[in-house]
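Hi everyone, thanks for coming. I'd like to walk you through a structure that's probably new to most of you, so just stop me if I go too fast.

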Amino acid sequence: MIIRDATERDWPQVYPFFRDIVAAGETYAYPDGLSEEEAAALWMEKPPSRTVVAVDGDRVLGSAKMGPNRPGRGSHIATGSFMVDPSAAGRGVGRALGLHLIEWARREGYHGIQFNAVVATNERAMHLWRSLGFRLVGTVPGAFEHATQGRVGLNILYRDV
């Protein structure tokens with residue numbers, strides 16, 4: 001597996017799993033029914049942010065976007081979002097993308113990484129982020145409309161780099 005900057009040519013492979021993950025309503029608060037173009041505008045970041053893909057040969061296994069968490073006085077803290085093609089689950093793609101973010105943030109001079117909205121019921125993500133040194137700093141109760149569980153919390157995670 002190689003992690004590299006995403007290009008427009010990668011989007012046709014990213015969009016199907018982006019669409020399906022969003023439609024499942026379990027992990028992302030993006031609006032339902034986004035067109036391919038609308039979704040690309042949300043996922044394919046422009047500098048100073050960036051989007052990467054994890055690939056095996058020509059196949060995109062997952063993608064992540066990363067950049068400053070806030071502009072101006074908050075720009076010393078990075079953030080990221082991650083999606084793995086469900087058919088590639090369990091292959092270490094999310095972990096590799098998470099490690100890539102940590103190294104990128106360190107190299108770029110960020111002081112820490114904050115995740116603003118990890119759905120509290122997403123146990124796999126919480127386990128991964130904790131194993132990579134993130135700690136739970138708070139939960140916004142009922143902030144996410146889960147497709148099957150109703151309103152659940154959104155966790156805020158942080159780690160120093």
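I'll start with the sheet, then go to the helices, and finish with a single arginine.

One thing up front: what you're looking at is a predicted model.

Okay, the sheet. There are seven strands in it, and it's an open sheet with mixed pairing. If you walk across, the order is E1-E2-E3-E4-E5-E7-E6. At the edges you've got E1, residues 2-5, and E6, residues 135-146, and each of those pairs on one side only. On average, neighbouring strands are turned by 25 degrees against each other, if you ignore direction.

Let's zoom in on E3, which covers residues 59-68. How many of its 10 residues are buried? Eight of them, so to speak a mostly covered strand. On one side E3 pairs with E2, residues 50-56, in the antiparallel sense, over seven bridges. To get your bearings there, find Val-52, which stands opposite Ala-64 in E3. Asp-56 is another handy marker, standing opposite Arg-59. E2 and E3 make a hairpin with two residues between them, and Gly-57 in that turn has a positive phi of about 65 degrees.

E3 also pairs with E4, residues 77-84. Again that's antiparallel, with seven bridges joining the two. Here the marker is Gly-62, opposite Val-84 in E4.

Now the helices. H1, residues 11-24, lies across E2, E3 and E4, and runs at about 75 degrees to E3. H1 also packs against H2, residues 36-43, at an angle of about 95 degrees, with the axes 10 Å apart. That angle is why we'd call the two helices roughly perpendicular. Who's touching whom? From H1 we have Trp-11, Pro-12, Val-14, Tyr-15 and Phe-18, and they meet Glu-36, Ala-39, Ala-40 and Trp-43 from H2. By class, that contact has eight nonpolar residues, no polar ones and one charged one.

On to H4, residues 123-131. This helix lies across E4, E5, E6 and E7, running at about 165 degrees to E5. Which residues of H4 are buried? Ala-125, Met-126, Leu-128 and Trp-129 are. Looking down the helix axis, the buried residues fall within an arc of 165 degrees, so they line one face of H4. The general point behind that kind of pattern is that an α-helix has 3.6 residues a turn, so residues three or four places apart point the same way. The face of H4 turned away from the buried side carries Glu-123, Arg-124 and His-127, which are exposed. And what covers the buried residues? The list includes E4, H3 (93-107), E5 (112-119) and E7 (150-160). Just after H4 comes Gly-133, with a positive phi of about 95 degrees.

Keep Gly-133 in mind for the last stop, Arg-159, which is found in strand E7. Is this arginine buried or exposed? Its relative accessibility is 15%, and the cut-off for buried is under 20%, so Arg-159 counts as buried. Leaving out residues up to four places away in sequence, Arg-159 touches Ile-102, Arg-106, Gly-112, Ile-113, Leu-132, Gly-133 and Phe-134. There's also Val-137, 22 residues apart from Arg-159 in sequence and 9.7 Å apart in space, C-alpha to C-alpha.

That's my tour, so over to you for questions.

Definitions and conventions
Residues numbered from 1 in each chain as written. Predicted model: local features only at pLDDT ≥ 70, side-chain atom pairs only at ≥ 80, totals over all residues. Heavy atoms only, no water. Buried < 20%, exposed > 50% of the residue type's maximum accessible area, 1.4 Å probe, protein only. Helix = DSSP H or I, 4+ residues; strand = E, 2+ residues; numbered from the N terminus. Pairing = 2+ DSSP bridges. Arc of directions from axis to C-beta. Contact = heavy atoms within 4.5 Å. Axes fitted to C-alpha atoms, helices over the stretch in contact; angles between N-to-C directions. Parallel < 35°, antiparallel > 145°, perpendicular 65-115°, else oblique. Nonpolar A, V, L, I, M, F, W, Y, C, P; charged D, E, K, R; others polar.
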